[in-house]
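I'm opening my notebook on this one and jotting things down as I look them up. First stop: what gets tucked away, then charges, then metal.

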Amino acid sequence: MADTDNQPRRALGLFRIAGIRISLDISWFIIFALVLFALSAGYFPRSYPGYDTQTYWLAGFIATLLFFTSVLIHELSHSLMAIRCGIEIPEITLFIFGGVSKLSQEPKDPKTELKISLVGPLSSFALAGVFGLIAKILVGAPTLLVAVFQYLSWINVALGVFNLIPGFPLDGGRVFRAIWWWRTGSLTRATKVATDIGKTFAVALMILGALQIFTGLLISGLWLVFIGMFLRGMSARGYEELIIRKSLEGVPLGEVMIRDVVSVPPSLPLNQLVHDYFLHYTYRGFPVVSDHAVLGLVSLSAVRGLSPEEQAKTVVADVMMPLREGLVIAADASLAEALARMVQEDADRLLVMQEGRLAGLVTKTSLLRFVQIKQILET
Ligand SMILES: [Zn+2]
């Protein structure tokens, strides 16, 4: 369910490949423009003089597009391998300098982790080989055309090498974590060590960037600082997610399920929904139930922005989110499964059903509260 109480999503959905949603982060447009500009107005004219401006921009555009296609192929290789290993991948988001595959769960064993993480850099190196071969075949063609493929070959080598740096969550960090995990048997500890290396590496990048800025290399310095900041954020998040998943594993849904579910009838006018439900119970969403049958969910966002007159004229059935399979979870599922489902469905609450009847409700807030309390008890 698209929960609108959260911040608006900054990603733009593109298309689906093998059931995986491919989306672009807003930051991607900035980086596309930067790469395009750097190639068309900088690198190509400087290294291969003698063409007109239009030709440079055309070459730049083709190179940029194929570069980002290469990033997508790198990410897809991770996802397809993960799917082969039985892990669902709901979404890939292309970010500033690469992509992030959203895994709905952690790999089950070190071997799976190793396979999923290694296939990315390997596919980058394979792409580098293919582009290099095309450049060889094209010898004799206009030099700028050959240069486009030489650049693509080089940039894919760089992409592969960068991702092999052993800091989590980069692929190299995942490889490192898999080996550590295999040797010690503890995923949590392995993640902690790999994350620390990742953070150290990120800080080193930032320091290097700052030094470059002081010595006058402003643009490349800013780049390094930027990549370092991004990496640092990613490693911290990756570790937190793991801790949350770990504390939810094997805990039955019943532990945090809300049993006294307050439901609303579909014929209820929205002004009554606001006063008698949202303001009264202070919940952000309610199941819509008629004759013991669940019809859907109505959330706070559905009434936001409606005038009192409009609210009086509209009933719950008009604005509710109709029930779909993804929003329902079985009562015997675990909390970890509930969290994976929430990530996959982009939902902040799920309906718990037992023998066709509504047994309860589980919310993201209650999951997080559970994790917090467990962490306090364990430290
Ligand atoms: Zn990768």
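Before I start, a word I need: a residue is buried when its relative accessible area is under 20%, exposed when that area is over 50%, and partly exposed in between. I also remind myself that this is a predicted model.

**Entry 1: helix α1**

I looked up helix α1, which runs over residues 26-47 and has 22 residues. From its first C-alpha to its last it reaches 31 Å, close to the 32 Å expected at 1.5 Å a residue. I did find a kink of about 40° in α1, centred on L39. Then I checked which residues of α1 are buried: the list includes W28, I31, F32, V35 and L36. L39, where the kink is centred, is on the buried list too.

**Entry 2: salt bridges**

How many salt bridges does the structure hold? I got 4. My reminder to self: side chains of opposite charge can pair when their charged atoms come close.

I started with E113 and R174, whose closest N and O atoms are 3.5 Å apart. E113 lies in helix α3 (residues 110-137) and R174 in helix α5 (residues 171-184), so this pair ties together parts that are 61 residues apart in sequence. Buried or exposed, these two, E113 and R174? Both are buried. I also noted that E113, R174 and R177 are linked in a network of salt bridges.

Next I went to K192 and D196, with closest N and O atoms 3.4 Å apart. Both sit in helix α6 (residues 187-214), 4 residues apart, which is about one turn of the helix. That fits what I know: an α-helix has 3.6 residues a turn, so residues three or four places apart point the same way. K192 is partly exposed at 37% relative accessible area, and D196 is partly exposed at 33%.

I also wrote down D348 with R349, closest N and O atoms 3.5 Å apart. D348 is buried at 9%, and R349 counts as buried at 6%.

**Entry 3: the zinc ion**

Which residues coordinate the zinc ion? I found H74 (NE2), H78 (NE2) and D171, with D171 (OD) listed twice, at 2.0 to 2.6 Å. H78 lies in helix α2 (residues 53-84) and D171 in helix α5, so that pair ties together parts 93 residues apart in sequence. The donor spacing reads H-x3-H-x92-D. Why is the arrangement irregular? Because the 4 donor atoms subtend angles of 55 to 150° around the zinc ion. Last check: H78 and D171 are buried.

Definitions and conventions: Residues are numbered from 1 along each chain as its sequence is written. This is a predicted model: local features need pLDDT of at least 70, side-chain atom pairs count only at pLDDT 80 or more; totals for chains, interfaces and linings use all residues. Side-chain values use heavy atoms; hydrogens and water are left out. A salt bridge is a side-chain nitrogen of Lys or Arg within 4 Å of a carboxyl oxygen of Asp or Glu. Helices (H or I, at least four residues) and strands (E, at least two) are DSSP runs, numbered from the N terminus. Buried means under 20% relative accessible area, exposed over 50%, partly exposed in between (1.4 Å probe, protein chains only). The expected span of a helix is 1.5 Å times one less than its number of residues. The bend at a residue is the angle between axes fitted to the seven residues ending there and the seven starting there. Donors are N, O and S atoms within 2.8 Å of the metal (3.2 Å for Na, K and Ca); water is not among the atoms, so sites may look incomplete. Four donors count as tetrahedral if all angles lie between 85 and 135 degrees; four count as square planar and six as octahedral if opposite donors are over 155 degrees apart and all others between 65 and 115; anything else is irregular.
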